[in-house]
Amino acid sequence: MDITQLQERLQLNENFIFSKTISTVSFDIIASFLKLKQNFGDIIFLESSEKVQSRGRYSIIAVNPDKKWIFQNEEITYRDLITKKDQLVREEPIANLKAIIARDKITDFNGLPVMAAGWYGYLGYDMVKYY
């Protein structure tokens, strides 16, 4: 994607992926994460292969989310971090989460694997009872 295409996508307010491939020979993902963590409040790091360098797996650093889905005390809060608005949701949690993921689906991955975009985070043990 060149700069003109990037500007067009930004103006259309579309979901899209912008990426850069970096050689792992001279790149330390952990050091990069720690450096980014100093400058961003909301950041997560997911590593698919902790000790095996040769498998070609992916590391994901997600920074500055635009939305948060929070399930706490049996209540769902959908937080839009761009508009700074919270919405209390009265719905079964797994059904609601699946609907949000489907709504925000990105179809143009520019040749990247599907884990290059989406909702990242974790579900705690309390969520087991909803499966």
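Is Lys-67 buried or exposed? Select Lys-67 to begin: the residue is buried, with a relative accessible area of 18%, where buried stands for under 20% relative accessible area, exposed for over 50% and partly exposed for the range in between (1.4 Å probe, protein chains only).

Before going further, note that this is a predicted model, in which local features need pLDDT of at least 70 and side-chain atom pairs count only at pLDDT 80 or more, while totals for chains, interfaces and linings use all residues. Residues are numbered from 1 along each chain as its sequence is written, and side-chain values use heavy atoms, with hydrogens and water left out.

Colour the chain by pLDDT, the predictor's confidence in each residue from 0 to 100. The chain averages 77, and 73% of the residues score at least 70. Among the elements, which are DSSP runs numbered from the N terminus (helices H or I, at least four residues; strands E, at least two), the lowest mean pLDDT, 72, belongs to helix 1 (residues 3-12), and the highest, 94, to strand 5 (residues 85-89).

Next, show the salt bridges, each a side-chain nitrogen of Lys or Arg within 4 Å of a carboxyl oxygen of Asp or Glu; a search of the whole structure finds three. Lys-67 pairs with Asp-66, their closest N and O atoms being 3.7 Å apart, and Asp-66 is partly exposed at 34%. Move to Lys-68, whose salt bridge with Asp-42 has its closest N and O atoms 3.2 Å apart; this pair links distant parts of the chain, 26 residues apart, with Lys-68 in strand 3 and Asp-42 in the loop between helix 2 (29-39) and strand 1 (43-47). Then select Asp-86 and Arg-79, where the corresponding separation is 2.8 Å; Asp-86 is partly exposed at 48%, and Arg-79 is partly exposed at 28%.

Now go to Thr-77 in strand 4 (residues 75-80), which is buried at 18%. Leaving aside neighbours within four places in sequence, Thr-77 is in contact (heavy atoms within 4.5 Å) with Lys-68, Trp-69, Ile-70, Asp-86, Gln-87 and Leu-88.

Finish with the largest nonpolar core, a set of buried Ala, Val, Leu, Ile, Met, Phe, Trp, Tyr and Cys residues joined through side-chain atoms within 4.5 Å. Select its nine residues: Trp-69, Phe-71, Ile-76, Tyr-78, Val-89, Ile-94, Leu-97, Ile-100 and Met-127. Strand 3 (67-72), strand 4 and helix 3 (93-103) each give two or more residues to this core, and helix 3 gives the most, with three. Centre the view on Ile-100, which, leaving aside neighbours within four places in sequence, is in contact with Trp-69, Tyr-78 and Trp-119.
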